[in-house]
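Welcome! Have a look at the sequence and the model below, and then we can walk through them together, one question at a time.

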Amino acid sequence: MKQPVLTITLNPALDKTVTVEDFILGGLNRIKEWRMDAGGKGINVAKVLQNFSVDVTAWGLCAGRQGNVLTDTLSSLGIPNWFVQAKGETRTNLKIYVELTQEITELNEPGFTVDDDVLNQFLNRFETDVRQMSLVVLAGSLPKGIPPDFYGTLIRIANEVGVRTVLDADGEPFIHGIEAVPYAIKPNIHELESFFGESFRTDEEIIDAARRLIAKGIAYVAVSLGGEGSILVTEKEAIRAKPAPITPLSTVGAGDSMVAALIYCMMQGMSLEETARWSSAAGTVTALKPGTQVCTLAEVEDKLSSVNIWSILQKTTNSN
Ligand SMILES: Nc1ncnc2c1ncn2[C@@H]1O[C@H](COP(=O)(O)OP(=O)(O)O)[C@@H](O)[C@H]1O
Ligand SMILES: O=P(O)(O)OC[C@H]1O[C@](O)(COP(=O)(O)O)[C@@H](O)[C@@H]1O
(Lines give C-alpha, C1' and ligand atoms only; values in the text may rest on other atoms or scores of the structure.)
(Ligands and ions follow the chains in the order given, each with its own letter.)
Protein backbone atom coordinates (compact mmCIF):
# COMPACT_ATOMS: atom_id res chain seq x y z
CA MET A 1 0.00 0.00 0.00
CA LYS A 2 1.24 3.50 -0.83
CA GLN A 3 2.01 5.54 2.28
CA PRO A 4 0.66 9.09 2.15
CA VAL A 5 2.29 12.31 3.28
CA LEU A 6 0.48 13.55 6.40
CA THR A 7 0.01 17.29 6.93
CA ILE A 8 -0.91 18.55 10.37
CA THR A 9 -2.73 21.87 10.84
CA LEU A 10 -3.63 22.44 14.48
CA ASN A 11 -4.75 26.04 13.95
CA PRO A 12 -6.36 26.18 10.49
CA ALA A 13 -8.01 29.28 9.10
CA LEU A 14 -10.30 30.63 6.50
CA ASP A 15 -8.19 33.26 4.79
CA LYS A 16 -10.21 36.33 3.83
CA THR A 17 -8.30 38.46 1.35
CA VAL A 18 -9.62 41.96 0.70
CA THR A 19 -8.38 44.33 -1.99
CA VAL A 20 -8.36 48.07 -1.36
CA GLU A 21 -7.00 50.78 -3.63
CA ASP A 22 -5.22 52.58 -0.82
CA PHE A 23 -5.15 52.00 2.91
CA ILE A 24 -5.89 54.90 5.21
CA LEU A 25 -4.98 54.06 8.80
CA GLY A 26 -7.71 55.44 11.08
CA GLY A 27 -9.95 56.22 8.07
CA LEU A 28 -12.72 54.56 6.05
CA ASN A 29 -11.45 52.03 3.54
CA ARG A 30 -13.82 50.62 0.89
CA ILE A 31 -13.17 47.04 -0.19
CA LYS A 32 -13.11 46.57 -3.98
CA GLU A 33 -12.91 42.77 -4.04
CA TRP A 34 -12.68 39.97 -1.53
CA ARG A 35 -12.24 36.21 -1.53
CA MET A 36 -12.21 33.36 0.99
CA ASP A 37 -9.81 30.41 0.80
CA ALA A 38 -9.12 27.41 2.97
CA GLY A 39 -5.86 28.23 4.74
CA GLY A 40 -3.44 27.29 7.46
CA LYS A 41 0.03 26.07 6.66
CA GLY A 42 -0.53 22.31 6.63
CA ILE A 43 -3.72 22.70 4.60
CA ASN A 44 -1.91 24.77 1.97
CA VAL A 45 0.88 22.19 1.78
CA ALA A 46 -1.78 19.50 1.27
CA LYS A 47 -3.45 21.52 -1.52
CA VAL A 48 -0.14 21.83 -3.40
CA LEU A 49 0.80 18.16 -2.91
CA GLN A 50 -2.63 17.18 -4.23
CA ASN A 51 -2.02 19.41 -7.28
CA PHE A 52 1.31 17.60 -7.74
CA SER A 53 -0.46 14.18 -7.60
CA VAL A 54 1.29 13.22 -4.36
CA ASP A 55 -0.76 10.96 -2.10
CA VAL A 56 -1.58 13.27 0.83
CA THR A 57 -3.85 13.23 3.84
CA ALA A 58 -4.67 16.26 6.02
CA TRP A 59 -5.17 16.05 9.78
CA GLY A 60 -5.65 18.70 12.39
CA LEU A 61 -8.12 20.40 14.67
CA CYS A 62 -11.00 22.66 13.72
CA ALA A 63 -14.12 24.14 15.26
CA GLY A 64 -17.58 25.43 14.42
CA ARG A 65 -19.17 26.08 11.05
CA GLN A 66 -16.01 27.46 9.53
CA GLY A 67 -14.33 24.20 10.44
CA ASN A 68 -16.99 22.37 8.41
CA VAL A 69 -16.31 24.69 5.48
CA LEU A 70 -12.62 23.74 5.69
CA THR A 71 -13.16 20.00 5.83
CA ASP A 72 -15.79 20.19 3.06
CA THR A 73 -13.31 22.12 0.91
CA LEU A 74 -10.59 19.52 1.49
CA SER A 75 -13.02 16.70 0.66
CA SER A 76 -14.16 18.47 -2.51
CA LEU A 77 -10.50 18.74 -3.55
CA GLY A 78 -10.21 14.98 -3.04
CA ILE A 79 -7.89 15.30 0.01
CA PRO A 80 -8.67 12.68 2.69
CA ASN A 81 -8.93 14.53 6.01
CA TRP A 82 -9.48 14.02 9.72
CA PHE A 83 -9.97 17.05 11.95
CA VAL A 84 -10.89 16.69 15.63
CA GLN A 85 -13.66 19.14 16.52
CA ALA A 86 -12.74 21.64 19.23
CA LYS A 87 -15.20 24.01 20.91
CA GLY A 88 -15.62 27.53 19.51
CA GLU A 89 -14.99 28.66 15.95
CA THR A 90 -12.18 28.27 13.43
CA ARG A 91 -10.40 31.58 12.91
CA THR A 92 -10.62 33.95 9.97
CA ASN A 93 -7.27 35.42 8.96
CA LEU A 94 -7.56 38.75 7.23
CA LYS A 95 -5.16 39.63 4.42
CA ILE A 96 -5.29 43.19 3.09
CA TYR A 97 -3.93 43.74 -0.40
CA VAL A 98 -3.29 47.42 -1.17
CA GLU A 99 -3.19 48.05 -4.91
CA LEU A 100 -1.28 51.30 -4.65
CA THR A 101 1.67 49.84 -2.77
CA GLN A 102 1.20 46.25 -4.07
CA GLU A 103 1.75 45.05 -0.51
CA ILE A 104 -0.15 42.53 1.56
CA THR A 105 -0.73 42.98 5.31
CA GLU A 106 -1.76 39.95 7.36
CA LEU A 107 -3.95 39.97 10.48
CA ASN A 108 -4.04 36.43 11.89
CA GLU A 109 -6.49 35.62 14.69
CA PRO A 110 -5.33 33.46 17.63
CA GLY A 111 -7.95 30.76 16.93
CA PHE A 112 -10.03 28.52 19.22
CA THR A 113 -8.98 27.10 22.58
CA VAL A 114 -8.25 23.40 22.80
CA ASP A 115 -9.10 21.23 25.82
CA ASP A 116 -7.24 18.10 26.95
CA ASP A 117 -9.86 15.74 25.57
CA VAL A 118 -9.46 17.10 22.02
CA LEU A 119 -5.68 17.11 22.32
CA ASN A 120 -5.59 13.51 23.57
CA GLN A 121 -7.89 12.31 20.79
CA PHE A 122 -5.46 13.78 18.29
CA LEU A 123 -2.37 12.46 20.04
CA ASN A 124 -3.78 8.93 20.42
CA ARG A 125 -4.49 8.55 16.72
CA PHE A 126 -1.14 10.08 15.83
CA GLU A 127 0.68 7.57 18.05
CA THR A 128 -1.22 4.68 16.50
CA ASP A 129 -1.21 5.65 12.84
CA VAL A 130 1.94 7.71 12.22
CA ARG A 131 3.85 4.60 11.12
CA GLN A 132 1.48 4.37 8.13
CA MET A 133 2.74 7.71 6.78
CA SER A 134 5.68 8.32 4.49
CA LEU A 135 6.42 11.75 5.97
CA VAL A 136 4.74 14.20 8.37
CA VAL A 137 4.49 17.98 7.90
CA LEU A 138 4.00 20.02 11.08
CA ALA A 139 3.19 23.57 10.17
CA GLY A 140 1.78 26.77 11.58
CA SER A 141 0.94 28.32 14.91
CA LEU A 142 -0.55 26.43 17.85
CA PRO A 143 -3.92 27.45 19.25
CA LYS A 144 -4.39 28.21 22.95
CA GLY A 145 -4.45 25.11 25.15
CA ILE A 146 -1.76 23.28 23.19
CA PRO A 147 1.59 23.13 24.97
CA PRO A 148 4.38 24.91 23.06
CA ASP A 149 6.40 21.69 22.90
CA PHE A 150 3.61 19.77 21.12
CA TYR A 151 5.41 19.69 17.77
CA GLY A 152 8.45 18.41 19.68
CA THR A 153 6.31 15.60 21.12
CA LEU A 154 4.96 14.64 17.67
CA ILE A 155 8.45 14.75 16.11
CA ARG A 156 9.84 12.42 18.82
CA ILE A 157 7.00 9.94 18.24
CA ALA A 158 7.61 10.02 14.47
CA ASN A 159 11.38 9.66 14.95
CA GLU A 160 10.86 6.57 17.12
CA VAL A 161 9.09 4.78 14.27
CA GLY A 162 11.44 6.11 11.59
CA VAL A 163 9.01 8.52 9.91
CA ARG A 164 10.56 11.75 8.60
CA THR A 165 9.16 15.11 9.66
CA VAL A 166 9.22 18.60 8.14
CA LEU A 167 8.71 21.51 10.55
CA ASP A 168 7.54 24.99 9.54
CA ALA A 169 6.75 27.05 12.60
CA ASP A 170 7.68 30.16 14.46
CA GLY A 171 8.59 31.19 18.04
CA GLU A 172 8.36 28.67 20.88
CA PRO A 173 6.83 25.79 18.86
CA PHE A 174 9.78 26.14 16.47
CA ILE A 175 12.36 26.21 19.28
CA HIS A 176 10.89 23.10 20.97
CA GLY A 177 10.42 21.40 17.61
CA ILE A 178 14.11 21.87 16.79
CA GLU A 179 15.08 20.21 20.09
CA ALA A 180 13.26 17.06 18.95
CA VAL A 181 15.34 17.01 15.70
CA PRO A 182 12.99 17.02 12.71
CA TYR A 183 14.32 15.77 9.38
CA ALA A 184 13.85 19.11 7.62
CA ILE A 185 12.85 22.69 8.49
CA LYS A 186 11.79 25.70 6.43
CA PRO A 187 12.23 28.89 8.41
CA ASN A 188 11.95 32.21 6.63
CA ILE A 189 14.79 34.62 7.33
CA HIS A 190 12.84 36.39 10.11
CA GLU A 191 12.14 33.08 11.88
CA LEU A 192 15.80 32.08 11.56
CA GLU A 193 17.00 35.42 12.93
CA SER A 194 14.55 35.34 15.80
CA PHE A 195 15.62 31.75 16.66
CA PHE A 196 19.26 32.80 16.95
CA GLY A 197 18.60 36.33 18.20
CA GLU A 198 20.99 37.57 15.51
CA SER A 199 20.60 39.27 12.15
CA PHE A 200 22.22 37.79 9.07
CA ARG A 201 23.47 40.09 6.34
CA THR A 202 25.02 37.70 3.86
CA ASP A 203 24.27 34.31 2.33
CA GLU A 204 27.36 32.95 4.07
CA GLU A 205 26.02 34.05 7.48
CA ILE A 206 22.70 32.34 6.72
CA ILE A 207 24.49 29.15 5.70
CA ASP A 208 26.57 29.26 8.85
CA ALA A 209 23.37 29.54 10.95
CA ALA A 210 21.77 26.68 8.98
CA ARG A 211 24.84 24.52 9.61
CA ARG A 212 24.54 25.18 13.35
CA LEU A 213 21.08 23.58 13.09
CA ILE A 214 22.41 20.75 10.96
CA ALA A 215 24.97 20.07 13.70
CA LYS A 216 22.00 19.25 15.96
CA GLY A 217 21.04 16.42 13.61
CA ILE A 218 18.60 18.13 11.22
CA ALA A 219 19.33 16.89 7.70
CA TYR A 220 17.93 19.67 5.64
CA VAL A 221 17.46 23.41 6.22
CA ALA A 222 15.62 25.54 3.65
CA VAL A 223 15.70 29.25 4.42
CA SER A 224 13.22 31.32 2.45
CA LEU A 225 13.98 34.94 1.67
CA GLY A 226 10.74 36.23 0.10
CA GLY A 227 11.35 37.87 -3.29
CA GLU A 228 15.09 37.26 -2.84
CA GLY A 229 14.49 33.49 -3.13
CA SER A 230 15.96 30.87 -0.85
CA ILE A 231 19.00 28.95 0.35
CA LEU A 232 18.92 25.18 0.75
CA VAL A 233 21.54 23.75 3.06
CA THR A 234 22.60 20.20 3.88
CA GLU A 235 25.75 18.99 5.60
CA LYS A 236 27.64 18.91 2.28
CA GLU A 237 25.92 21.44 0.03
CA ALA A 238 24.48 24.95 -0.01
CA ILE A 239 22.42 26.04 -2.99
CA ARG A 240 21.09 29.53 -3.60
CA ALA A 241 17.93 30.11 -5.65
CA LYS A 242 16.85 33.50 -6.91
CA PRO A 243 13.57 33.96 -8.81
CA ALA A 244 13.19 36.47 -11.63
CA PRO A 245 11.47 39.64 -10.33
CA ILE A 246 7.66 39.53 -10.32
CA THR A 247 4.79 41.71 -9.11
CA PRO A 248 3.19 39.52 -6.45
CA LEU A 249 -0.59 39.53 -5.99
CA SER A 250 -0.47 37.71 -2.66
CA THR A 251 2.55 36.08 -1.09
CA VAL A 252 0.24 34.22 1.32
CA GLY A 253 0.89 30.51 0.85
CA ALA A 254 4.24 31.04 -0.91
CA GLY A 255 6.18 29.50 1.98
CA ASP A 256 3.74 26.58 2.17
CA SER A 257 4.10 25.99 -1.57
CA MET A 258 7.84 25.92 -1.12
CA VAL A 259 7.51 23.28 1.64
CA ALA A 260 5.24 21.17 -0.57
CA ALA A 261 7.65 21.38 -3.50
CA LEU A 262 10.58 20.41 -1.24
CA ILE A 263 8.69 17.28 -0.24
CA TYR A 264 7.78 16.52 -3.85
CA CYS A 265 11.44 16.81 -4.86
CA MET A 266 12.63 14.66 -1.93
CA MET A 267 10.16 11.97 -2.95
CA GLN A 268 11.32 12.15 -6.57
CA GLY A 269 14.95 11.83 -5.42
CA MET A 270 15.94 15.12 -7.11
CA SER A 271 19.32 16.77 -6.52
CA LEU A 272 19.55 19.70 -4.10
CA GLU A 273 20.03 22.00 -7.08
CA GLU A 274 16.81 20.82 -8.77
CA THR A 275 15.01 20.96 -5.42
CA ALA A 276 16.09 24.58 -4.97
CA ARG A 277 14.81 25.41 -8.45
CA TRP A 278 11.47 23.67 -7.97
CA SER A 279 10.76 24.99 -4.50
CA SER A 280 11.62 28.55 -5.43
CA ALA A 281 9.47 28.37 -8.56
CA ALA A 282 6.56 26.95 -6.53
CA GLY A 283 6.67 29.88 -4.09
CA THR A 284 6.87 32.38 -6.90
CA VAL A 285 3.91 30.93 -8.83
CA THR A 286 1.77 31.05 -5.68
CA ALA A 287 2.87 34.66 -5.04
CA LEU A 288 1.51 35.53 -8.50
CA LYS A 289 -2.00 34.40 -7.55
CA PRO A 290 -4.56 36.46 -5.61
CA GLY A 291 -5.62 35.30 -2.13
CA THR A 292 -4.48 31.94 -0.80
CA GLN A 293 -4.50 30.15 -4.13
CA VAL A 294 -1.63 27.76 -4.69
CA CYS A 295 0.52 26.64 -7.61
CA THR A 296 -0.15 23.69 -9.90
CA LEU A 297 2.49 21.31 -11.24
CA ALA A 298 2.24 22.63 -14.81
CA GLU A 299 2.59 26.26 -13.66
CA VAL A 300 5.68 25.42 -11.63
CA GLU A 301 7.23 23.50 -14.53
CA ASP A 302 6.72 26.58 -16.70
CA LYS A 303 8.57 28.78 -14.19
CA LEU A 304 11.58 26.51 -13.58
CA SER A 305 13.81 28.10 -16.20
CA SER A 306 13.30 31.59 -14.75
CA VAL A 307 14.96 30.66 -11.44
CA ASN A 308 18.66 31.42 -11.07
CA ILE A 309 20.57 28.72 -9.21
CA TRP A 310 24.11 28.63 -7.92
CA SER A 311 26.18 26.82 -5.36
CA ILE A 312 27.45 29.22 -2.71
CA LEU A 313 30.80 27.49 -2.29
CA GLN A 314 31.31 27.58 -6.05
CA LYS A 315 30.38 31.25 -6.13
CA THR A 316 32.87 32.07 -3.38
CA THR A 317 35.60 30.17 -5.26
CA ASN A 318 34.77 31.86 -8.57
CA SER A 319 34.79 35.36 -7.13
CA ASN A 320 38.22 34.89 -5.54
N1 LIG B 1 7.85 38.74 -3.97
C2 LIG B 1 8.22 37.55 -4.42
N3 LIG B 1 8.73 37.41 -5.67
C4 LIG B 1 9.11 36.20 -6.13
N5 LIG B 1 9.06 35.07 -5.41
C6 LIG B 1 8.57 35.14 -4.15
C7 LIG B 1 8.12 36.37 -3.59
N8 LIG B 1 7.70 36.13 -2.32
C9 LIG B 1 7.89 34.80 -2.11
N10 LIG B 1 8.41 34.22 -3.19
C11 LIG B 1 8.82 32.80 -3.36
O12 LIG B 1 8.23 32.02 -2.33
C13 LIG B 1 9.22 31.48 -1.44
C14 LIG B 1 8.73 31.54 -0.02
O15 LIG B 1 8.41 32.87 0.32
P16 LIG B 1 8.64 33.51 1.77
O17 LIG B 1 7.87 34.79 1.77
O18 LIG B 1 10.08 33.60 2.08
O19 LIG B 1 7.98 32.40 2.72
P20 LIG B 1 7.04 32.59 4.00
O21 LIG B 1 5.65 32.77 3.42
O22 LIG B 1 7.17 31.29 4.73
O23 LIG B 1 7.53 33.78 4.77
C24 LIG B 1 10.47 32.33 -1.69
O25 LIG B 1 11.64 31.60 -1.40
C26 LIG B 1 10.34 32.67 -3.18
O27 LIG B 1 10.80 31.60 -3.98
O1 LIG C 1 -0.60 29.58 11.78
P2 LIG C 1 -0.09 30.96 11.43
O3 LIG C 1 1.35 31.15 11.71
O4 LIG C 1 -0.96 32.03 12.04
O5 LIG C 1 -0.21 31.10 9.86
C6 LIG C 1 -1.45 30.89 9.22
C7 LIG C 1 -1.46 31.58 7.91
O8 LIG C 1 -0.36 31.13 7.14
C9 LIG C 1 -0.77 30.67 5.86
O10 LIG C 1 -0.79 29.25 5.92
C11 LIG C 1 0.18 31.16 4.81
O12 LIG C 1 1.50 30.79 5.16
P13 LIG C 1 2.76 31.18 4.27
O14 LIG C 1 2.50 32.54 3.67
O15 LIG C 1 3.92 31.14 5.22
O16 LIG C 1 2.88 30.13 3.20
C17 LIG C 1 -2.19 31.20 5.68
O18 LIG C 1 -2.98 30.39 4.88
C19 LIG C 1 -2.70 31.30 7.10
O20 LIG C 1 -3.64 32.33 7.24
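Q: How far apart do the end C-alpha atoms of residues 20–295 lie?
A: This is a predicted model, in which local features need pLDDT of at least 70, side-chain atom pairs count only at pLDDT 80 or more, and totals for chains, interfaces and linings use all residues. Residues are numbered from 1 along each chain as its sequence is written, while chains are lettered from A and ligands numbered from 1 in the order in which they are written. The span is 39% helix and 22% strand (DSSP runs numbered from the N terminus, with H or I of at least four residues for helices and E of at least two for strands). Its end C-alpha atoms are separated by 24 Å.

Q: Which UniProt annotation covers residues 20–295?
A: The record here is an unreviewed entry, and such annotations may be inferred rather than shown by experiment. The name it gives is "domain: Carbohydrate kinase PfkB".

Q: What is the radius of gyration of the protein chain?
A: The chain holds eleven helices and 14 strands. For 320 residues the globule rule (2.2 Å times the number of residues to the power 0.38, with the radius taken over C-alpha atoms) gives 20 Å. The chain's value is close to that, so it is as compact as a globular protein of that length: 19 Å.

Q: Which helix gives the most residues to the largest nonpolar core?
A: Such a core joins buried Ala, Val, Leu, Ile, Met, Phe, Trp, Tyr and Cys residues through C-beta atoms within 7 Å, where buried means 20 or more other C-beta atoms within 10 Å of a residue's own, with C-beta atoms placed from the backbone. This one has 88 residues, and Leu-49, Val-137, Leu-138, Ala-260 and Ala-282 touch the most other members. Nine of its residues come from one helix, spanning residues 254–268: H8.

Q: Which element gives the largest share of the shell around ligand 2?
A: Of the 18 residues around this ligand (C-beta atom within 6 Å of it), Gly-39, Asn-93, Gly-140, Ser-141 and Gly-255 come nearest. Strand S2 (13–20), helix H1 (41–51) and H8 each give two or more residues. The largest share, three residues, belongs to H8.

Q: How many charged residues does the shell around ligand 1 have?
A: Ligand 1 is surrounded by 18 residues, with Ser-224, Gly-227, Ala-254, Gly-255 and Gly-283 the closest. Helix H9 (272–287) gives the largest share, four residues. By class there are seven nonpolar and eleven polar residues, and the number of charged ones is zero: no charged residues.

How values were computed: A residue is buried if 20 or more other C-beta atoms lie within 10 Å of its own, exposed if 12 or fewer, and partly exposed in between; C-beta atoms are placed from the backbone. Ala, Val, Leu, Ile, Met, Phe, Trp, Tyr, Cys and Pro count as nonpolar, Asp, Glu, Lys and Arg as charged, and the others, Gly among them, as polar.
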